[in-house]
Each structure stands twice: as C-alpha cells, then as structure tokens.
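Student: I'm new to this one, so please walk me through it. Where should we begin?

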Amino acid sequence: MTDTAFQSDFLKTLRDRGYIHQITHPAELDAAATAGVVSGYIGFDATAPSLHVGSLIQIMLLRRLQKAGHRPVVLMGGGTTRVGDPTGKDASRPQLTDETIAANIAGIKQVFGRFLTFGDGPTDAIMLDNDAWLSGYGYVQFLREFGTHFSINRMLAFDSVRLRLEREQPMTFLEFNYMLMQSVDFLELNRSHGVTLQMGGSDQWGNITSGVDLVRRVDHKAAFGLTTPLLTTASGGKMGKTAQGAIWLNADQLSPYDYWQFWRNVDDADVGRFLRLFTDLPLDEVARLEGLQGAEINEAKKVLAHEATTMLHGETEAFAAATTAKLAFEEGKTAAGLPTVELPRDEVVGGMIAAVATKAGLTQSNGEARRLAQGGGLRLNDASVTDGAALIGAADLNADGVLKLAAGKKKIVLVRPV
C-alpha cells in the first residue's frame, strides 16, 4: 500500500508530521492500528545519565502512539547496555559497571513522565528493563533456543556490521551478539505484554527487522517494525550535537534556559520540520508559522522554543527562559537566569577578553575570539570590544561581582570571578 492510503489515525499522523522512514508490513500494521490497541516499544540503552535531544524523536514517536489511542512501552536497556550497540560506531563502546548502568537508568527514567501517561489502563505507558530476562539466560540455553534462527550471512549484510568491516575496524564477538539480544527483546515483549510493534531510528532497521522475523518465525504471530528518518539539521549536522556539547534532556545536565536557547537558535530552514516533529501544535498553525518571512521567522522560533521547553520542563521554566532571553538580548540587562561560569579571579581580572571568552565556552579558541572581536561580534557588558587582547579590569564587574560576555547574537554568559 502507499502511505497516502493509511486509514489509522496513528500512521496518518506519523505520515503528515514526517516521522516515517520505513515500515515492514504497512498494510497489516495500518489494519491492526485501525482495529484496536497496538502496543509498541522503543529501547533506550543506558550509556549516559541522561538522554539528549537526538533521542527526542523516538520519545515523541511513543507520544504519538499514545495520543492515537495505543500503548507505548519504554524499554530500558539494562541488559543490552552491558554489550553495547555497535551501530554507527567504529570502536567498541566502553564497558560500564553494573552500578553505572543502574545510575544511568535512574537518570534516564526521569524524562518520560513529561511526555507519556503511565498507569494500568489499556493505553497507559509501561516501563520495563530487558535485564530482567536477558541476564537470566545461560549461554548454551541462549544459543540453542535462538541461535538457529539467525544467519551469519544475513547479519554480515546489515549496515551495523557491514560498514564496520568495510572500514576495516574490528568488531568483537560481544558486539556481534547485540542484534540477537535486541531481537529476543521483541520476542519476550510479544509473549509477555502483547507488543507487536518495534520502533526506532533508521540506523536500527537491521536490528528491528531481525526481531520482526524472529517473532513471526518462532511464534507465528503478527510483528511490525517502523523507523524514523535520520535526523540532521539543515546545515548537515547531527541533531543534538553542537559546538558546546550535547543538548541533554535532564535539567541537571542542561538548564531549561540553555534548552530553550537551542530551539530558539535553530536554522530558519529547520523551523517547520521541528515544529511538526517536536511540538503538538496543529499542522495548520505549523504551516502558518513556517510561512513567516524575514525577521518574522524569529517569532516562529520562539514558539518552537516555548512549546518544546514547556513539554520537557514545564510552562513556568519556558516563560522564565523567554524572559531571561528578552532581558539579556533585547533590553541589554544582566538577567539572573543566564548561564553562569565561575573562573579563577586572576584569570578574569587582568585577563585578555579573548582568553576569558574561550574559557567561558563562548568560543573554541582565543584566535576565534579575536576574529569575532575584529568583526564586532564580541561584547563585554553589552558594549562591543574590537580588540580581543583588551584586558578586563575590576571596574568591568557589576555590583554583584559578575560581568556579561556575549559572542554574536545568540551566545551569552555571566562570568563570576572566584
């Protein structure tokens, strides 16, 4: 079937908002989603104490599933994290201790309650951990029960393996087992919780289709796979990766203000797509905002920033971030909500402004800061500084003992000498 022929609200929404890249059995999945409640899952390995915005499209996919009247299943990778997903990597992931994995899971869990409704109802979300079953298998038992269903020839053809080998990068036998473990996850979830749909990014297509095939081959039950497109910015960068680092979802890793600023500063060409993917705004309103021209597109970016920040951190934090930005950028005031960097006093007072800007994270190098200053893009307390070698004096500190540094129109910090 063509994607224009979808009957279910779920797939029509995914199509219209740009979530669909591939589906294994589109007609069957559409029929199942039309006839009743579909349980679908996405797995999240615990490689860090927070997910970053690159994972947000998957979280939103679960949200779309629930809003369409179906049941989302969040699967924590307590078991698979011990192995490490080789997809897209040229080197093995570092092996984490059980204590680190547990701590990471505790951090990651926090974010889902903002996007999903958990409970015991037929469409309420549930959260599980694949360590509950994967760690219970003995090695011989696992091989005998599942090993016969996987062809080495086919596994070698999947991108996660093939690309690593083509680049002549070694892949350990441990990593080679990851696909089997993810496939067994799907089989276990299908048996124990009636899960029939596995979703993920396009790089997970091989792992997902292996799980679909395993469920269909072993238990002869319905199973479907769906992937989202590879998400890059208009400039070709990877979503969620910036010069300043990852855009984390947990507030203790990245402040709500910095999160708001990330969305406020997206490329003009990304605004419409990001409004469709990362907000609940109606599509006609998205079309109106996307159609704004010239400086008016900044209003669309503020809407994007407000909606995305409200969904993750709440409306109070979203309004606070917008107010801080307005005071700092539009009214030239030192706002208390701005990111604050503490630096040794002897590095600030008497230090070159270019060096302080770099240490504060505004620029990548002193040379970049000097070039920015020459072009009028470096500001100290809202005044342009054209000489990056100029020294900061004690008189530049305000009554609170801080100074405000800005690089261009989008990056600003308070520097507090300590």
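Tutor: With angles: axes are lines fitted to C-alpha atoms, for helices over the stretch in contact, and angles between N-to-C directions run from 0 to 180 degrees. Helices (H or I, at least four residues) and strands (E, at least two) are DSSP runs, numbered from the N terminus. This is a predicted model, where local features need pLDDT of at least 70 and side-chain atom pairs pLDDT 80 or more, while totals for chains, interfaces and linings use all residues. Residues count from 1 along each chain as its sequence is written, and side-chain values use heavy atoms, leaving out hydrogens and water.

Student: Okay, so how far apart are the axes of α3 and α13?

Tutor: Look for helix α3 at residues 56-67, and for α13 at residues 271-278. The two pack at an angle of about 50°. Between their axes, the distance is 9 Å.

Student: Are they parallel or oblique to each other?

Tutor: Here are the classes: under 35 degrees is roughly parallel, over 145 roughly antiparallel, 65 to 115 roughly perpendicular, and the rest oblique. With an angle of about 50°, α3 and α13 are therefore oblique.

Student: Which residues of α13 make that contact?

Tutor: Contact means heavy atoms within 4.5 Å. From α3 come Leu56, Ile57, Met60 and Arg64. Their counterparts in α13 are Arg276, Leu277 and Phe278.

Student: At what angle do α13 and α15 pack?

Tutor: Helix α15 covers residues 297-313, and its axis lies 10 Å from that of α13. The two are roughly parallel to each other. Their angle is about 25°.

Student: Which residues of α13 meet α15?

Tutor: Start on the α15 side, with Ile297, Ala300, Lys301, Leu304, Ala308 and Met311. Across from that group, α13 brings in Val271, Phe274, Leu275 and Phe278.

Student: And how do α12 and α15 cross: at roughly what angle?

Tutor: Helix α12 spans residues 256-264. It puts Pro256, Tyr259, Trp260, Trp263 and Arg264 into the contact, and α15 adds ten names to hunt for, among them Asn298, Lys302, His306 and His313. The axes come within 8 Å, and the crossing is at roughly 140°.

Student: Now the sheets! What order do the strands of the 6-strand sheet have?

Tutor: Two strands pair if DSSP finds at least two bridges between them. This sheet is open, with mixed pairing. β1 (22-23) and β4 (126-129) each have a single partner strand, so one side of each is left without a neighbour in the sheet. Put together, the order reads β1-β6-β5-β2-β3-β4.

Student: Which residue of β4 stands opposite Met76?

Tutor: Strand β3 takes up residues 71-77 and pairs with β4 in the parallel sense, over 4 bridges. Opposite Met76, in β4, stands Asp129.

Student: What angle does α11 make with β6?

Tutor: There are two helices to look at here. Helix α2 (residues 26-35) lies across β1, β5 (197-201) and β6 (224-228), and it runs at about 100° to β6. Helix α11 (residues 205-218) packs on the sheet too, touching β1, β5 and β6, and its direction makes with that of β6 an angle of about 170°.

Student: Which strands stand at the edges of the 5-strand sheet?

Tutor: That one is also an open sheet with mixed pairing, in the order β9-β13-β12-β10-β11. The edge strands have a single partner each, so one side of each lacks a neighbour in the sheet: they are β9 (340-343) and β11 (383-384).

Student: Last one: what is the bridge partner of Leu378 in β12?

Tutor: Find strand β10 at residues 378-380 and strand β12 at residues 403-407. They pair in the antiparallel sense over 3 bridges. Leu378 has as its partner Ala407.
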